[in-house]
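Here is a quick tour for someone meeting this structure for the first time. Have a look at the picture, and then we'll walk through some of its details.

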Amino acid sequence: MDKGLKQWKIGLMGFGNVGKAFVRLYKEMGSYWREKYHIDFIFQFVINSKIGVVQNDGIPVDSLIKAAKKGDLSKLWGWKPDMQGNEALKSTSIDILVEVTPTNIEDGEPALSTIKRALSQGIAVVTGNKGPFLHKHRELFELARKNNTFLGISCTSAASLPTLIFGMFDLAGSRITKIEGILNGVCNFVLTQMEENSLSFEEAVGLAKTKGITEVDPNLDIDGIDTATKILIISNMLLGTAFTTKNISVEGIRGITPEQIRKAKSRKKRLKLIGYAEHSEDKVTAGVKVMEIEQGHAFYEVNGTNKALMYHTQPAGEFIISGGASS
């Protein structure tokens, strides 16, 4: 190994769509990261809902790619049924836990306990799991601070769109007065398909499932719950709130008809599912609802699985981030 190369030992919790995509991304971009940032990864463990694989010398990436295609980790050496995250953390010496198991909005478990244990051991955590941060976001960040380690949660609030990073660092000198955004690529995809291809709601949702872009439970997408959790995490991190889903009114896209789409289009408008959090009379209100977006608005051309976020600030004005298409 290159003496100037830093090798990070990774533990991957979750081997569904996101976990598999992470492995493929490393395969595609690994040489670029090594050249530009002088870092390399080895995967010491990978765990899905049924089994886990532990290899302290590193699981060969090509083997993980094959397992991702077949959806079967049991062909890999070192596999064990019903392995839990805490067990893997005990038997390895990872530097970073990548936690991308399905979200549980009720209590954040089992991801919450796994993340707590990793942070308590001084292990850095990067996660796309929204559940733990709807319940214990302050506790988890305090745990990371106490153990002098890193906790990265930007992908909990719109995947590859740099929502939190932009708000935390680039807007550090401004007061954020309102945040609003298209935060769920599935809902945006469904509404776009209904408008552009005249699909019914059911047909558009079926197409999204076929493409594999929905949550494990698609109702979390179409009923606005996923958008709600994302705007709450953004609000809690950037506006200092301590919201849970009990503090927010939520409307989804279920029941939107082709006729509603056509009527909006006739007025040169588009329907979008918008999550928002806003300062009003010294308090913050948050919600999720379907809105008509007029031509010329920054969100009007955000179509397909793309997402977008707008920050309203004082004194700097408005900032828009868009992109981050699901695939």
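Let's start in the loop between α12 (258-266) and β10 (269-280), where you'll find lysine 268. Keep in mind while you look around that this is a predicted model. Lysine 268 isn't a glycine, yet its phi is positive, at about 60°. With 55% relative accessibility, lysine 268 counts as exposed.

Aspartate 82 gives us another case: its phi is near 55°, again a positive value in a residue other than glycine. You'll spot aspartate 82 in the loop between β4 (79-81) and α3 (85-91), and its relative accessible area of 58% makes it exposed. As background, most residues other than glycine have a negative phi, and most peptide bonds are trans.

That brings us to the cis peptide bonds. One runs from glutamate 109 to proline 110, with omega near 0°, and proline 110 sits in the loop between β5 (96-99) and α4 (111-120). Another goes from glutamine 314 to proline 315, with omega near 5°; here the proline is in the loop between β12 (307-314) and β13 (317-323).

Next up is helix α2 (residues 61-70). Which of its residues are buried? They are Val61, Leu64, Ile65, Ala67 and Ala68. These residues cover an arc of only 165° around the axis, so they end up on the same side of α2. Their cover includes α1 (17-37), β2 (39-47) and β3 (51-59). Turn to the face pointing away from that buried side and you meet the exposed residues Lys66, Lys69 and Lys70. Right after α2 comes glycine 71, with a positive phi near 65°.

Now for the charged pairs. Side chains of opposite charge can pair when their charged atoms come close. The count here comes to 14 salt bridges, and a few of them are listed below.

| Salt bridge | Closest N to O distance |
|---|---|
| Lysine 80 and glutamate 87 | 2.4 Å |
| Lysine 136 and glutamate 139 | 3.9 Å |
| Glutamate 301 and arginine 270 | 3.7 Å |

The pair of glutamate 301 and arginine 270 links distant parts of the chain: glutamate 301 is in the loop between β11 (283-294) and β12, while arginine 270 is in strand β10, 31 residues apart. How do the two partners sit relative to the surface? Glutamate 301 is exposed, with a relative accessible area of 57%, whereas arginine 270 is buried at 12%.

In the pair of lysine 80 and glutamate 87, lysine 80 is partly exposed at 39% relative accessibility, and so is glutamate 87 at 30%. Lysine 136 is partly exposed too, at 34%, as is glutamate 139 at 37%. Lys136 and Glu139 also belong to a network of salt bridges that takes in Lys116.

What about disulfides? The count is 0. The sulfur of cysteine 155 is 19 Å from the closest cysteine sulfur, that of cysteine 187, which is too far for a bond. Cysteine 155 is partly exposed, with a relative accessible area of 32%, while cysteine 187 is buried at 1%.

Last stop: the surface. Ile165, Met168 and Phe169 make a nonpolar patch of about 290 Å². Of these, isoleucine 165 is found in helix α7 (residues 163-170) and counts as partly exposed, at 41% relative accessibility.

Conventions: Residues numbered from 1 in each chain as written. Predicted model: local features only at pLDDT ≥ 70, side-chain atom pairs only at ≥ 80, totals over all residues. Heavy atoms only, no water. Patch = residues over 30% accessible without salt bridge, like charges linked within 9 Å, V, L, I, M, F, W, Y side chains within 5 Å. Areas by Shrake-Rupley, 256 points an atom, 1.4 Å probe, with all protein chains shown as cover. Salt bridge = Lys/Arg side-chain N within 4 Å of Asp/Glu carboxyl O. Helix = DSSP H or I, 4+ residues; strand = E, 2+ residues; numbered from the N terminus. Buried < 20%, exposed > 50% of the residue type's maximum accessible area, 1.4 Å probe, protein only. Arc of directions from axis to C-beta. Contact = heavy atoms within 4.5 Å. Disulfide = S-S within 2.5 Å.
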